Amino acid sequence: MKRRCLGTGLVWMALLACAGQAWSADTASSERSGASAAARPSGPDVVTLNFVNADIEGVVKAVSEITGKNFVLDPRVKGTVNIVSAKPMSRALVYQVFLSAMRLQGFSAVEERGMVMIVPEIEAKMHRSPTLGPQEQPRAAGDVIQTRVFRLQHESATQMVPVLRPLITPNNSITAYQNNSTLVVTDYASNLERIQKIIESIDQPNDSGSIMIALQHASALDVAQTITRLLTEPTQAVDPNQRFTIAADARSNSVLARAGDPARLLRVRQLVAMLDSPTSAGGNIHVIYLKNAEAVKLAEVLRAIYTGESAGAQARSAVPASPLGQAPATAQAASSAPGIIQADAATNSIIITAPDAIYNNLRAAVEKLDVRRGQVYVEALIAEVTADKTAEFGIQWQNLTGLGETAGQGFGGTNFGTSAQNIAAISQNPSVAGHGLNVGVVKGSITIPGVGAQILNLGLLVRALQADTNANILSTPTLLTLDNEEAKIVIGQNVPFITGQYAVSAAATTPTPFQTIERKDVGLTLRIKPQISEGGAVRLQIYQEVSNVVDSTNASGLITRKRSVESTVLVDDGQIVVIGGLIEDTVTDGVEKVPGLGDLPIVGGLFKYNTRSRKKTNLMVFLRPTLLRSAARADSLSSDRYDYILGEQLKAKPLPSVLPDFGSPSLPPRQSAPPAAADKPAASK
């Protein structure tokens, strides 16, 4: 029975082949030469395709008749196609074979609005093609251009692009959107299915990428540093499989490790197990090298934590420590906890001898306290503007005619103002005349009896003076200091002040005087103590003083003028705030006159002396702090100040002249700082 059916099938296929060849022969007359048309038997739904160097347009017509699809050809679609089928194929496969032939010729088919457009492959992605989201399933396969969106769950979309790019047709595209880890790929549907399988294979969770190991005896911070120095290699930045990261969690005393190679994680587990071994009962000696904090001060804090005493109580203890840094006997008696905490100032390190559990807690505290402290650069701007205006006008009279010639001769006149202003002083010595206009009438000179002094016979003196004095002073003292560290700058003179006098005159022939002197700074003083808050503001304790010597001829000692302000302010980074000042306006108006005569209208001006002065002082103190949290910002600020001073020195350089050039002091040109060397490990110290 089977042989009969098989024989019948062979006969039927032979008939189909003959019918297909006959249909092909009829169609060939209507096509161009050199091409064979597709066989289209009237029986079963199978055809035989044979095209040899057939024009693309003729092939499209034949495929359109077989499949019933409408085609639109781009004018640039030209060429010939070769399709050979030895056996009949299903009518449903004709369209897929045609698409494959177009793809080999560099053309693509884009289905849009019930028609198929044949365009160059490089422009297919610009046309309206089927677009599928991450959750949609492909509705068609084969050599049809599609756009699909792949959403990754574990891997990075950016890192996936170099892996998939070689597998995509050069004329098509792949794009990564890193925000939600999504890939957008435009390519043939058959290739997109392969891309999907590759993505599903790569985008897998990697549970072995990171591990957490809890320690029982050793400190996680020390173990992490040791393993990092041991396993970190320069090649890890090149090969992703060699990337290795290890960190310590002081709170849980655990080591966290992450590596691309599971073998390295296994090696970490083995090293941690070997290092996490118990020590002796009393504890070993541990040395912690500090990076930023001061060992002496930090040791006091750790002792207070360890023994339960305050730092002040330890400081009040007068018993000296032993050579090993042991606490005094009184302090040890107050605390039952065994161990030693001592600072070595020479190496800036702390030596701790304690059981493992206590040492691990102290080590965690040291890690949090030994951090880089911020710096504050403070500019104090002291602006002082003063304006003094003075005006004087007066007329003085004096009659010295015949003085000294006749016994009992009298004289009289008016004298106003100081010794440099009155007529009597100028009559005795004209060189003492003050500033301004001094006009007098002289009638010879006489000698006062019994004195022998030659006196001018000055009968009239007119004095007029107007003076304007302006001063504009700007002082900008600056300081750079660490957070919570007080800094002070003094610019001025160290002036002696007499505080006592003593003379020995009992048995000595000549008395020997003795004086006690106290020296004080007179000038500009700035003292600050900053405290940086987390929000970027700076709390500043400030003392600002400006003083100078006013009078050094006083018999009681020097007289100084002092302007100071002491305050605590809160300033934002880089902002200017005024912390104090003085605005003073003083007007003085005086008149000296002869009673009665000076009050007469018009004529009274000949018997009076007028003085008027006005003094206006504006003094303000401003403050501007700048936070320097990194070495780069500190270097930028220092470079700016360095270049400013260098420019000022170049401006002050003497001009060329016939005199010899002795040179002028100048800062050397600033050179860029060499790259900072890597921090040495603690063990190398």
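The side chains of Ser108 and Tyr188 are joined by a polar contact of 2.6 Å. This comes from a predicted model. The protein chain has 685 residues, with 13 helices and 28 strands. The points below cover Ser108, two asparagines, a nonpolar patch and the chain as a whole.

**Ser108 and its surroundings**

- Ser108 sits in strand 6, which spans residues 107-112.
- Ser108 counts as buried, because its relative accessibility is 1% and the cut-off for buried is under 20%.
- Beyond its neighbours within four places in sequence, Ser108 touches Met117, Ile118, Val119, Glu121, Ala124, Ile145 and Tyr188.
- Tyr188 thus appears twice: in that contact list and as the side-chain partner in the 2.6 Å polar contact.

**Two asparagines with positive phi**

- Most residues other than glycine have a negative phi.
- Asn53 has a positive phi of about 50°, and it is not a glycine.
- Asn53 belongs to strand 2, residues 50-55.
- Asn53 counts as partly exposed, because its relative accessibility of 47% falls between the 20% and 50% cut-offs.
- Asn348 also has a positive phi, near 55°.
- Asn348 lies in a loop, with strand 16 (340-344) on one side and strand 17 (349-353) on the other.
- Asn348 has 23% relative accessibility, so it too counts as partly exposed.

**A nonpolar surface patch**

- Six residues make a nonpolar surface patch of about 550 Å²: Trp397, Leu597, Leu600, Ile602, Val603 and Leu606.
- Val603, one of these patch residues, is placed in the loop between strand 27 (577-593) and strand 28 (608-628).
- Val603 counts as partly exposed, because its relative accessibility is 41%.
- That value also clears the patch cut-off, because patch residues need over 30% relative accessible area and Val603 has 41%.

**The chain as a whole**

- Of the 685 residues, 32% count as buried; Ser108 is one of the buried residues.
- The protein chain exposes about 41500 Å².
- Carbon and sulfur atoms supply 55% of that exposed area.
- Among contacts between residues at least 6 apart in sequence, 63% join residues at least 24 apart.
- The contact between Ser108 and Tyr188 links two residues outside each other's four-place neighbourhood in sequence.

Terms used. Residues numbered from 1 in each chain as written. Predicted model: local features only at pLDDT ≥ 70, side-chain atom pairs only at ≥ 80, totals over all residues. Heavy atoms only, no water. Helix = DSSP H or I, 4+ residues; strand = E, 2+ residues; numbered from the N terminus. Buried < 20%, exposed > 50% of the residue type's maximum accessible area, 1.4 Å probe, protein only. Contact = heavy atoms within 4.5 Å. Areas by Shrake-Rupley, 256 points an atom, 1.4 Å probe, with all protein chains shown as cover. Patch = residues over 30% accessible without salt bridge, like charges linked within 9 Å, V, L, I, M, F, W, Y side chains within 5 Å. Salt bridge = Lys/Arg side-chain N within 4 Å of Asp/Glu carboxyl O. Polar contact = N/O pair within 3.5 Å; in protein donor to acceptor, adjacent residues only side chain to side chain.
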